[in-house]
Amino acid sequence: MAMKPMVAAVESLAAATSLFRSLADPSRLAIVAHLMLGEHRVVELTEHLALAQSTVSAHLRCLLDCGVIQVRPQGRASVCSLAVPDEVRAVLQAAEQLLAATG
């Protein structure tokens with residue numbers, strides 16, 4: 001049975017809402033900014049942000065669930081990087097342009 005257009009639109013909005021929510025937190029934006037410079041181990045992000053490891057891990061889980069980052073094991077550490085760096089950069093640049101235009 002084909003999905004009704006309104007149901008498909010609501011599901012699409014739910015995904016967009018989740019993505020924007022993941023970028024709506026200052027700590028998560030700081031993580032994304034660090035990862036724009038290159039991959040980082042979780043311990044490095046914890047040091048950069050001066051947050052508890054559990055807090056950083058929770059933020060990383062949110063970004064991972066939304067597909068913004070990817071995580072790979074390296075020995076006993078986890079190394080994080082942007083999953084789609086060009087697209088993330090474009091979204092952040094668009095946000096800066098919108099902020100500039102709206103004051």
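A salt bridge is a side-chain nitrogen of Lys or Arg within 4 Å of a carboxyl oxygen of Asp or Glu. The structure described here is a predicted model, and it holds four salt bridges.

**Salt bridges**

One of the four links the side chains of Glu39 and Arg72, with N and O 2.6 Å apart. Glu39 sits in the loop between helix 2 and strand 1 (40-41), while Arg72 belongs to strand 2 (residues 69-74), so this pair ties together parts that are 33 residues apart in sequence. Glu39 is partly exposed at 45% relative accessibility, and Arg72 is likewise partly exposed at 34%.

Two other pairs lie within helices. Arg61 and Asp65 are both in helix 4, four residues apart, or about one turn of the helix. Asp86 and Arg89 are both in helix 5 (residues 85-102), three residues apart, again about one turn. The table lists these three pairs with their N to O distances.

| Salt bridge | N to O distance |
|---|---|
| Glu39 and Arg72 | 2.6 Å |
| Arg61 and Asp65 | 3.7 Å |
| Asp86 and Arg89 | 3.9 Å |

In the helix 4 pair, Arg61 is partly exposed, with a relative accessible area of 48%, and Asp65 is exposed, at 56%. In the helix 5 pair, Asp86 counts as exposed at 58% relative accessibility, and Arg89 as partly exposed at 29%.

**Nonpolar core**

The largest nonpolar core has 15 residues, and among these Ile31 and Leu60 touch the most other members. At least two residues of this core come from each of helix 2 (26-36), helix 3 (42-49), helix 4 (53-65) and strand 3 (77-82). Setting aside neighbours within four places in sequence, Leu60 contacts Ile31, Val42, Leu45, Ile69 and Cys80.

**Helix 2 against helix 4**

The axes of these two helices come within 10 Å and cross at roughly 75 degrees. Helix 2 and helix 4 are therefore roughly perpendicular to each other. Helix 2 contributes Ser27, Arg28, Ile31 and Val32 to the contact, and helix 4 contributes Val56, His59, Leu60, Cys62 and Leu63. By class, six residues of this contact are nonpolar, two are polar and one is charged.

**Ser81**

Ser81 is located in strand 3. Its relative accessibility is 16%, so Ser81 counts as buried, the cut-off being under 20%. Not counting residues up to four places away in sequence, Ser81 touches Leu35, Glu39, Val68, Ile69 and Gln70. One of these, Glu39, also forms the salt bridge with Arg72.

Terms used: Residues numbered from 1 in each chain as written. Predicted model: local features only at pLDDT ≥ 70, side-chain atom pairs only at ≥ 80, totals over all residues. Heavy atoms only, no water. Core = buried A, V, L, I, M, F, W, Y, C linked by side-chain atoms within 4.5 Å. Buried < 20%, exposed > 50% of the residue type's maximum accessible area, 1.4 Å probe, protein only. Contact = heavy atoms within 4.5 Å. Axes fitted to C-alpha atoms, helices over the stretch in contact; angles between N-to-C directions. Parallel < 35°, antiparallel > 145°, perpendicular 65-115°, else oblique. Nonpolar A, V, L, I, M, F, W, Y, C, P; charged D, E, K, R; others polar.
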